[in-house]
Amino acid sequence: MSKHKLIPYPVIAAAVRGDPEAVNQVLDHYSGYIAALSMRRGYDQNGNPCLAVDEEIRRRIETKLIVAILSFGLN
């Protein structure tokens, strides 16, 4: 059995139909992964390197996921 909890099929089906609450549940499920993909190295005020989520990249990834969800099965 997988150690990661799966998104229930009814939630996925509702998200594909465009249910905003279901789409938000899918986004919440993947929020940690999206944040990890959005990490960028920056520097603090003292010039020390640090990692932080690039909000623009995070929003772009979320938008691409929403588009993919809503266009799933249309092809």
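**Exercise 1. Identify the buried residues of α1 and describe their surroundings.**

*Solution.* Step 1. The buried residues of α1 are Val-11, Ala-13, Ala-14 and Ala-15, where buried means under 20% relative accessible area, exposed over 50%, and partly exposed in between (1.4 Å probe, protein chains only). Helices (H or I, at least four residues) and strands (E, at least two) are DSSP runs, numbered from the N terminus. The model is a predicted one, in which local features need pLDDT of at least 70 and side-chain atom pairs count only at pLDDT 80 or more, while totals for chains, interfaces and linings use all residues. Residues are numbered from 1 along each chain as its sequence is written, and side-chain values use heavy atoms, with hydrogens and water left out.

Step 2. The cover over these buried residues of α1 includes α2 and α4; contact means heavy atoms within 4.5 Å.

Step 3. Just after α1, Gly-18 has a positive phi of about 100°.

**Exercise 2. State which residues form the largest nonpolar core and which elements supply them.**

*Solution.* Step 1. A nonpolar core is a set of buried Ala, Val, Leu, Ile, Met, Phe, Trp, Tyr and Cys residues joined through side-chain atoms within 4.5 Å. The largest one has nine residues, namely Ile-7, Val-11, Ala-14, Ala-15, Ala-22, Val-23, Val-26, Leu-27 and Ile-69.

Step 2. Two or more residues of this core come from each of α1 (9-16) and α2 (20-29). The largest share, four residues, belongs to α2.

Step 3. For Val-26, leaving aside neighbours within four places in sequence, the contacts are Ile-7, Val-11, Ala-15, Leu-65 and Ile-69.

**Exercise 3. Locate Ser-38 and determine whether Ser-38 is buried or exposed.**

*Solution.* Step 1. Ser-38 is placed in the loop between α3 (31-37) and β1 (39-43).

Step 2. Ser-38 counts as buried because its relative accessibility is 0%.

Step 3. A polar atom of the Ser-38 side chain lies 2.7 Å from the backbone oxygen of Ile-34. A polar contact is a pair of N or O atoms within 3.5 Å; within protein, one must be able to donate a hydrogen and the other to accept it, and residues adjacent in sequence count only if both atoms are side-chain atoms.

Step 4. Leaving aside neighbours within four places in sequence, Ser-38 is in contact with Ala-52, Val-53, Asp-54, Ile-57, Arg-58 and Ile-61.

**Exercise 4. Describe how β1 is joined to β2, and place Met-39 in that arrangement.**

*Solution.* Step 1. β1 and β2 (residues 49-53) run antiparallel and are joined by five bridges; two strands pair if DSSP finds at least two bridges between them.

Step 2. Opposite Val-53 in β2 stands Met-39, and opposite Cys-50 in β2 stands Gly-42.

Step 3. The hairpin of β1 and β2 has five residues between the strands, and Gly-47 takes a positive phi near 85° there.

Step 4. Met-39 belongs to strand β1 and is partly exposed, with a relative accessible area of 30%. Apart from neighbours within four places in sequence, Met-39 is in contact with Leu-51, Ala-52 and Val-53. The C-alpha atoms of Met-39 and Leu-51 are separated by 6.2 Å, although the two residues are twelve apart along the chain.

**Exercise 5. Characterise Glu-55 by its element, its exposure and its polar contact.**

*Solution.* Step 1. Glu-55 is in helix α4 (residues 55-71).

Step 2. With 37% relative accessibility, Glu-55 counts as partly exposed.

Step 3. The side chains of Glu-55 and Arg-58 are joined by a polar contact of 2.6 Å.

Step 4. Between the C-alpha atoms of Glu-55 and Arg-41, which are 14 residues apart along the chain, the separation is 13 Å.

**Exercise 6. Summarise the fold pattern and the overall dimensions of the protein chain.**

*Solution.* Step 1. The secondary structure comprises four helices and two strands, in the sequence pattern α-α-α-β-β-α.

Step 2. The radius of gyration is 16 Å, well over the 11 Å that the globule rule gives for 75 residues, so the protein chain is more spread out than a compact globule. This radius is taken over C-alpha atoms, and the globule rule is 2.2 Å times the number of residues to the power 0.38.

Step 3. Along the principal axes, the C-alpha atoms fill a box of roughly 50 × 30 × 20 Å.

Step 4. Of the 75 residues, 17% count as buried.
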